[in-house]
Amino acid sequence: MEHLHFAFEGGRVNAERRAAQIVVVASGNLEVLIESAPADPACRIDVNTAANGFARIWEAVLGDFFERHSLSHVRISINDAGATPAIVTLRLDQAVESYARGRVR
């Protein structure tokens, strides 16, 4: 199991307005948890993955995600059991959509 940590600074979408809001989007091989982080202006993403050696792929997928959504004051946890980059992107986008609407899935 590999544990990866990413931080993206300078987000324009302040997610702290959803204090205590938690969103989980899951499928058979991926779980995404989004939490507000009022004290931290960054977008921090922690990945726990069963697929070792793919840090550069994760960095690219998450960098694209941040460019699309530009979140701040948020912490995202990802538990991966071998999802493809396309599935990761889909689940992240679904989680952000639910988070923005204040829905918990």
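Q: What counts as exposed here, and where does Gly53 lie?
A: A residue is called exposed when its relative accessible area is over 50%, and buried when that value is under 20%. This is a predicted model, by the way. Gly53 sits in the loop between β5 and α1, and because its relative accessibility is 68%, Gly53 counts as exposed. Take a look across to Glu2 too: Gly53 and Glu2 are 51 residues apart in sequence, yet their C-alpha atoms are 8.0 Å apart in space.

Q: How do the side chains point along strand β5?
A: In a regular strand, side chains alternate between the two faces of the sheet. Now follow β5, residues 43–49: Cys43, Ile45, Val47 and Thr49 point to one face and are buried. Arg44, Asp46 and Asn48 point to the other face and are not buried.

Q: Which strands pair with β5, and in which sense, parallel or antiparallel?
A: Start with β1 (residues 2–8), which pairs with β5 in the antiparallel sense over seven bridges. Use Phe6 as your landmark there, since you'll find Phe6 opposite Ile45 in β5. Then there's β7 (residues 74–80), which runs parallel to β5 and is joined to β5 by seven bridges. For that pair, look for Cys43, which stands opposite Val74 in β7.

Q: Which residues touch the most other members of the largest nonpolar core?
A: In soluble globular proteins, nonpolar side chains tend to be buried together. Here the largest nonpolar core has 24 residues, and Ile45, Trp58, Leu62, Ile76 and Ile78 touch the most other members. Two or more residues each come from β1, β4 (30–36), β5, α1, β7 and α2 (85–101).

Q: What does Leu62 touch?
A: Leave out residues up to four places away in sequence, and Leu62 touches Phe6, Phe8, Ile45, Val47, Ile78 and Leu92. You've met two of these already: Ile45 and Val47 are on the buried face of β5.

Q: Which residues other than glycine have a positive phi, and are they buried or exposed?
A: Try Ser70, whose phi is near 45 degrees, a positive value in a residue other than glycine. Ser70 is in the loop between α1 (55–69) and β6 (71–72), and with a relative accessible area of 3%, Ser70 is buried. His73 is another case, with a positive phi near 55 degrees. Look for His73 in the loop between β6 and β7; at 13% relative accessible area, His73 is buried.

Key: Residues numbered from 1 in each chain as written. Predicted model: local features only at pLDDT ≥ 70, side-chain atom pairs only at ≥ 80, totals over all residues. Heavy atoms only, no water. Buried < 20%, exposed > 50% of the residue type's maximum accessible area, 1.4 Å probe, protein only. Helix = DSSP H or I, 4+ residues; strand = E, 2+ residues; numbered from the N terminus. Pairing = 2+ DSSP bridges. Core = buried A, V, L, I, M, F, W, Y, C linked by side-chain atoms within 4.5 Å. Contact = heavy atoms within 4.5 Å.
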